[in-house]
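Open the model in your viewer and keep the selection tool at hand. The stops below go from the interior to the surface and then to model confidence.

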Amino acid sequence: MKYTKLSIIAIAAIALMTACGQKDKTNTATPAGQDAQKAAPVVSVITAQAEDVDITNTFTSNIEPYAINNIVSQTAGRIVSINAEVGQRVSKGQLLAKMDDVNLAKTRMQYVNDSTELSRLTELYNIGAVSQSDYDMARLALNVTKKTYQNLAENTYLRSPINGVVTARNYDKGDMYSMAQPIFVVQQIQPVKMLINVSESLFTHVNTGMEFDIEVDSYPDETFKGKVNLIYPTISSATHTFPVEVISDNKDLRLRPGMFARVTANFGTNHHVVIPDIAVVKQMGSGEHFVYVLQPDNTVKYTLVELGKRLGSRYEIISGINEGDRIVTEGQVRLKDGVSVTVK
């Protein structure tokens with residue numbers, strides 16, 4: 001009976017000691033856990049600096065010929081000769097095709113006759129043998145015949161009105177020209193032009209003669225030069241842009257109509273804050289961006305910013321922060337507005 005009581009007392013004592021030990025451990029661990037939870041997030045910061053940032057804009061456009069001429073005759077007729085081929089460079093005034101000249105020959109004869117008749121009447125008029133009205137009628141007839149002859153000559157001997165390249169030929173020698181399509185299409189590709197739409201905010205920055213850089217996919221490692229040739233005077237109320245014509249002299253003929261071009265210009269500089277891109281956080285569910293700005297009391301302030309150009313691994317900041325602000329660049333995951341932080 002004594003042995004049983006002693007056993008019970010021993011077991012109770014052991015249990016009491018174990019419980020006390022566990023309580024001590026719990027009391028010891030709790031303050032440490034609370035300290036860990038209350039520890040301020042560790043962040044890295046930089047001081048925002050302002051610098052000059054080029055105002056560059058890139059516009060897309062298709063390269064176009066400077067001029068396009070459709071070579072046609074005013075009247076239908078037989079094509080007697082074809083003197084140019086597609087891809088051939090032609091000069092202004094060069095003969096491209098000849099039409100049937102029967103009507104031209106008839107008009108030439110009429111022109112010679114009218115010229116002779118006027119010479120005869122002039123002599124008679126000078127001696128008073130012909131009335132003023134008859135003399136005037138003869139002069140008028142000659143002028144009409146002359147203009148008709150010149151017009152027929154232009155439409156019989158078809159010449160290029162520009163220096164350019166033949167880009168289409170729709171008829172062959174001996175065909176009956178039906179006036180459905182031009183006989184030739186000649187394009188002037190020295191220079192070439194591009195039409196770009198520029199934002200109205202840059203209206204005062206664009207001027208005639210301003211230089212642009214031109215890039216095309218066909219020559220990925222080269223930049224061609226262009227300049228503003230024409231500025232349209234009105235701004236679209238729908239897009240708030242205005243057209244600008246940029247031309248390139250294209251001396252080596254490597255820029256060809258139809259090529260896709262990227263046209264870039266420098267419109268000056270802005271003095272804006274520039275910060276590392278890792279400091280900028282995108283707000284989920286919106287297109288807004290923000291940064292955390294360190295305050296004097298070591299708390300952080302959630303600040304929306306307007307981004308400008310991306311400059312490699314940095315962003316231009318148009319608005320939201322000022323030069324000298326201390327911006328968090330690492331540790332943003334654990335932050336929210338007003339949180340105290342530790343700067344490492």
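**The main core**

In this predicted model, start with the largest nonpolar core, which has 27 residues. Select Ile-63, Ile-196, Val-198, Phe-212, Val-244 and Phe-267: these are the members that touch the most others in the core. Next, colour the strands β2 (49–62), β10 (184–199), β11 (211–216), β12 (224–231), β13 (241–248) and β14 (260–276), since each contributes at least two residues to this core. Five core residues, the largest share, belong to β10.

Now centre on Val-244 and show its surroundings. Beyond the neighbours within four places in sequence, Val-244 contacts Met-194, Leu-195, Ile-196, Val-198, Val-206, Val-228, Leu-230 and Tyr-232.

**A second core**

Move to Ala-84, Ile-162, Ile-183 and Val-186, which are among the 16 residues of a second, separate core. In soluble globular proteins, nonpolar side chains tend to be buried together.

**A nonpolar surface patch**

Select helix α3 (residues 132–156) and find Val-144 within it. Is Val-144 buried or exposed? Val-144 falls in between: its relative accessible area is 48%, so it counts as partly exposed. Add Met-137 and Leu-140 to the selection; with Val-144 they make up a nonpolar patch on the surface, with about 300 Å² of accessible area together.

**Confidence**

Finally, colour by pLDDT. The average over the protein is 89, and 89% of the residues score at least 70. Select residues 23–30, where pLDDT stays under 50 and the model has zero contacts beyond four places in sequence. Where pLDDT is low, the predicted coordinates should not be read in detail.

Methods:
Residues numbered from 1 in each chain as written. Predicted model: local features only at pLDDT ≥ 70, side-chain atom pairs only at ≥ 80, totals over all residues. Heavy atoms only, no water. Patch = residues over 30% accessible without salt bridge, like charges linked within 9 Å, V, L, I, M, F, W, Y side chains within 5 Å. Areas by Shrake-Rupley, 256 points an atom, 1.4 Å probe, with all protein chains shown as cover. Salt bridge = Lys/Arg side-chain N within 4 Å of Asp/Glu carboxyl O. Helix = DSSP H or I, 4+ residues; strand = E, 2+ residues; numbered from the N terminus. Buried < 20%, exposed > 50% of the residue type's maximum accessible area, 1.4 Å probe, protein only. Core = buried A, V, L, I, M, F, W, Y, C linked by side-chain atoms within 4.5 Å. Contact = heavy atoms within 4.5 Å. pLDDT = per-residue confidence, 0-100.
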